[in-house]
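Reader: I would love a close look at one part of this model, namely the open sheet and what packs on it. Could you walk me through it, strand by strand where you can?

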Amino acid sequence: MTTVKNRSSIRCTGCGQQVAAEIYSYIDVTDEPQAKNMLISNRINRVQCPHCGTVNGVEAPLLYHDPTKELLIAYVPMELNLNKDQQERVIGDLMNRMPKDNFKGYMFSPRRSITMQGVIDQVLEADGITKEMMDDQRKQLEFVQSFLEVESEEALEKLVQENDDKIDEQFFQLMSMMAQRTMQEGRQDVAQQILGIQGRIVELSSYGQGLIEQQQNQQRVVEEVVQELESLPDSAGRDTFLQMAIEYLDRGEEYVQALVGLVRPAFDYDFFQMMTVKIDEAPADQKDKLEDLRQLMLELTAAIDQQQQAVVQQSAGFLQAVLTSPEPEAMLAENIELIDETFMAVLSANLQHAEQSKNLNAIAKLKEIYQMAVGVLQSQMPPEIRFVNDLLSTQDDETAQAMLNQYAPEFGDGLLSTMDAVHDAMLTRGNAPVAQRLKVLRAQAEKILS
């Protein structure tokens with residue numbers, strides 16, 4: 001039996017309007033693995049209203065099945081106020097829909113739960129997560145929640161001071177997770193509030209101060225590596241980057257990390273193939289060092305790719321929230337910091353998919369969101385930044401040269417500083433081709449201004 005979802009309609013508790021809903025009545029994790037993650041994060045049978053953004057919980061019976069763990073759980077919400085006989089009939093109806101072939105003993109007697117938390121606890125327990133571990137997690141969440149409930153800056157400072165020794169990496173990870181989840185649920189204002197409080201705790205706590213110092217050191221290292229990358233000839237290839245990585249390893253792993261972060265595309269499959277050949281040919285006393293470097297770089301590239309995937313997921317969640325918002329332009333304007341290259345790439349990919357599917361409604365909506373996003377960005381950009389973006393958007397060098405000839409004198413030397421800042425930002429993001437083109441345009445602008 002495959003996962004079963006029923007289409008229904010509910011009344012939004014926020015605005016009272018009817019909302020289309022897709023309600024799970026049976027989950028088979030072998031058929032739909034992502035449903036398990038949705039359940040554990042308490043997102044099963046929760047529907048966001050497209051009119052007001054309210055997230056509505058739907059109390060409906062559910063049968064959860066994980067054949068790999070021989071786990072079958074029947075959930076009948078206590079909010080339905082069913083007596084024992086009625087509960088048994090509901091469970092029986094769900095059970096009757098299960099396939100009769102390959103029926104095993106555990107399926108005759110499913111576990112029971114009257115709360116969704118009870119279902120989650122049993123699923124986690126089957127994964128080897130003990131009740132003690134779950135209790136610790138809840139305590140950590142409650143601890144984090146206490147910081148989000150303070151009503152004044154003075155109260156926050158006092159709470160940080162009293163709990164300074166308990167504020168660590170896990171603390172900030174939980175705060176980030178809560179912010180991301182609320183953002184996915186469309187509660188952008190709450191997510192921004194969480195991130196704002198997190199920023200203050202970073203400034204106030206000892207662990208946060210350590211993070212700030214670490215970030216400052218990383219920024220210094222990045223700036224050094226950027227300068228050395230800029231001094232490379234245009235003909236620099238994989239051999240050059242490998243030699244840089246070997247030299248950087250002697251200076252510290254943070255230099256290798258900066259190099260990989262700045263020019264991640266250079267460290268592709270062919271690079272590591274070449275590196276393996278180099279290791280095989282290296283003298284015995286150098287092999288261990290090169291093998292350690294290869295392992296470090298593999299871990300760094302994997303971490304960057306994973307981080308990028310998380311950023312894409314965040315942008316996808318924000319796009320979904322914008323699409324379902326009754327005031328998409330206002331949401332974009334309030335969250336302008338989320339309108340970055342990744343968001344625009346995700347938006348463009350969705351638009352391309354809609355065009356391939358010939359979904360006219362989606363095409364129109366996505367194009368409208370795209371124009372809104374561009375408009376919001378342009379309204380907030382200083383004139384110099386807007387001009388640099390227009391330059392980079394030109395299709396040929398002749399057009400860019402004509403724009404520089406016409407407008408560079410109006411901006412003056414401030415344009416060069418802006419181009420330098422954008423150039424550094426592109427390198428930091430690993431967008432070397434755009435950075436290189438901007439470097440050429442900057443030289444032309446300097447020539448015009450001089």
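Author: Happily; here is a walk across the sheet and the helices beside it.

This is a predicted model, in which local features need pLDDT of at least 70 and side-chain atom pairs count only at pLDDT 80 or more, while totals for chains, interfaces and linings use all residues. Residues are numbered from 1 along each chain as its sequence is written, and side-chain values use heavy atoms, with hydrogens and water left out.

Five strands make up an open sheet with mixed pairing, in the order E1-E2-E5-E6-E7. Strands here are DSSP runs of E with at least two residues, helices are runs of H or I with at least four, and both are numbered from the N terminus. Two strands pair if DSSP finds at least two bridges between them. At the edges lie strand E1 (4-11) and strand E7 (111-113), each of which pairs on one side only. From one strand to the next, the twist averages 30°; axes are lines fitted to C-alpha atoms, for helices over the stretch in contact, and angles run from 0 to 180 degrees between N-to-C directions.

Let us settle on E6, residues 71-75, which pairs with E7 in the parallel sense over three bridges. Tyrosine 75 has serine 113 as its bridge partner in E7, and isoleucine 73 has arginine 111. Two helices pack on the sheet, with contact meaning heavy atoms within 4.5 Å. Helix H2 (residues 84-96) touches strand E2 (18-28), strand E5 (62-66), E6 and E7, and its direction makes about 45° with that of E5. Helix H3 (residues 116-126) touches E5, E6 and E7, and its direction makes about 175° with that of E6.

Towards E5, the pairing with E6 is antiparallel over five bridges. Aspartate 66 stands opposite leucine 71 in E6. The two strands E5 and E6 form a hairpin with four residues between them, and glutamate 70 in that turn has a positive phi of about 50°.

How many of the residues of E6 are buried? Five of its five are, so the strand is mostly covered, where buried means under 20% relative accessible area, exposed means over 50% and partly exposed lies in between (1.4 Å probe, protein chains only). Leu71, Ile73 and Tyr75 point one way from E6, while Leu72 and Ala74 point the other way, and all are buried.
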